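Morning, everyone. Let's put the structure up and walk through it.

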Amino acid sequence: MIDWPNGTAPGQREDESSTQERSECVLAYIPVVYYSTLLCVGVPVNILTLVALYRLAVRTQKALYVYLLALTGSDILSQLFIIFVGFLLETAMFHRDVPVLLLRSVSMLEFSANHASIWATVPLSVDRYVALCHPLLHRQISYPARARRIIAVVLTLALASGVPFFWWSDMWRVNHAPNNLDTALIWTHVTIIYFLPCCIFLLLNSLIILRLRKRQRQQMCQDKSGQQLAVPGKLGKTTAMLLAVTSVFAVLWAPRTAVVLYHLYVSSVHNDWRVHLAYDLANMLAMLNTAVNFFLYCFVSKPFKAAVRDVLLFRWGPLHLRRPLHHQRTAANASTTCVSSSKHSQREVTPLSLKRADIKSC
């Protein structure tokens with residue numbers, strides 16, 4: 001971001017011509033101030049979100065909050081690895097005065113956290129699609145234990161997908177044109193980070209919207225015919241939250257994807273100050289995605305706002321656990337059995353009592 005001389009490259013010094021050709025950072029210290037503010041606001045807000053979602057997950061026993069917990073935890077890791085370690089420590093404070101092995105290891109962790117932050121939203125989208133389009137199936141397959149297993153698989157794959165980016169080149173300072181390795185890594189990056197998840201979000205969100213419109217048409221037909229409404233056509237709060245999260249991601253990450261591909265095929269970040277500026281701004285927009293989900297949740301979900309209010313006011317009352325479905329069914333069956341047995345006993349006892357009364361009267 002900020003153009004400082006690299007005095008720690010082992011045995012390598014850039015000549016004056018390459019130094020003159022290097023693009024300058026037009027924003028100067030603005031990225032440092034921006035990322036510092038984003039870190040100071042985003043980390044506490046995400047921790048507050050994590051606590052509130054945990055309380056809701058324990059209270060309701062819904063798989064939805066397990067997915068949101070994974071998304072929030074991945075956002076915190078992205079803020080720590082990418083913003084704090086990558087942008088602030090390496091670029092602003094240490095001036096890349098760190099070993100190359102450590103730089104590459106941190107780069108691998110940055111990409112792993114970034115992939116986890118984005119791909120944690122994919123099972124949430126699948127869960128909402130199944131809940132709206134196949135509600136009976138959703139009741140059978142959607143529960144917290146399965147959601148935790150799915151999240152464990154997603155995080156493991158995200159960690160594994162970050163390993164190839166150990167060899168990722170620094171676009172700000174590498175003065176050579178992208179080679180075959182850079183091309184493969186860039187295309188792998190934009191596919192994993194943007195194109196593939198956006199295609200999944202677009203497909204599932206389109207199916208959800210089509211199903212909601214179909215229900216609205218059914219509702220209008222039932223209104224005209226005077227029949228009783230059986231299927232609501234209203235957009236649910238959870239669905240609205242999902243559409244907001246995925247739409248914000250698609251908008252905020254689009255500029256960075258475009259600039260990375262422009263760097264690959266048109267002009268390098270190292271040589272053109274305009275591409276350098278665009279890359280800085282695109283990264284700033286992309287990292288904003290790690291701090292906006294809290295405000296989306298507050299805007300859409302009343303239970304989440306109530307949970308946040310309880311956390312801020314230190315209302316640490318007992319969490320009322322929701323009994324599992326099979327326990328509820330067992331209790332209902334038991335109560336039904338008790339009622340039927342009591343009625344049966346009344347039927348058996350009443351005639352005997354009447355007979356005894358008749359004998360006494362005689």
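Start with one residue. F195 has a relative accessible area of 32%, so it is partly exposed: not under 20%, not over 50%. Keep in mind that this is a predicted model.

What does F195 pair with? Its partner is W187, and the two rings are stacked. Centre to centre they sit 6.5 Å apart, with 25° between the planes. W187 is also partly exposed, because its relative accessibility is 35%.

Now widen the view. Ring pairs join W187 and F195 into a cluster with Y194, F201, F249, W253 and Y265. Across the whole structure, the search finds 15 aromatic pairs.

Here is another of those pairs: F111 and F165. Their ring centres are 4.3 Å apart and the planes meet at 15°, so this pair is stacked. Look at where the two residues sit. F111 is in helix α4, residues 100–119. F165 is in the loop between α7 and α8. They are 54 residues apart, so to speak of one pair here is to link distant parts of the chain. Buried or exposed? F111 is buried, because its relative accessibility is 7%. F165 is buried too, at 1%.

On to the nonpolar cores. The largest has 34 residues. Which of them touch the most other members? L53, Y65, L68, F294, Y297 and F304. Several helices each supply at least two residues of this core, among them α2 (30–60), α5 (121–133), α9 (237–265) and α12 (302–312). The most comes from α3, with 9 residues.

Take L68 as an example. Beyond its neighbours within four places in sequence, L68 contacts L53, L124, M241 and Y297.

There is also a second, separate core. It has 23 residues, including F87, F201, F249 and A286. Two of those names came up before: F201 and F249 are in the ring cluster as well.

Last, confidence. The protein averages a pLDDT of 79, and 74% of the residues score at least 70. Among the elements, helix α7 (residues 144–161) has the highest mean, 94. Helix α13 (residues 325–361) has the lowest, 43.

Where is pLDDT under 50? Residues 1–20 are one such stretch, and the model has 32 contacts for them beyond four places in sequence. Residues 321–362 are another, with 10 such contacts. Where pLDDT is low, the predicted coordinates should not be read in detail.

That's it from me.

Terms used: Residues are numbered from 1 along each chain as its sequence is written. This is a predicted model: local features need pLDDT of at least 70, side-chain atom pairs count only at pLDDT 80 or more; totals for chains, interfaces and linings use all residues. Side-chain values use heavy atoms; hydrogens and water are left out. pLDDT is the predictor's confidence in each residue, from 0 to 100. Helices (H or I, at least four residues) and strands (E, at least two) are DSSP runs, numbered from the N terminus. Contact means heavy atoms within 4.5 Å. Rings of Phe, Tyr and Trp (its six-membered ring) pair if their centres lie within 6.5 Å; planes under 30 degrees apart count as stacked, over 60 as edge-to-face and the rest as tilted. Buried means under 20% relative accessible area, exposed over 50%, partly exposed in between (1.4 Å probe, protein chains only). A nonpolar core is a set of buried Ala, Val, Leu, Ile, Met, Phe, Trp, Tyr and Cys residues joined through side-chain atoms within 4.5 Å.
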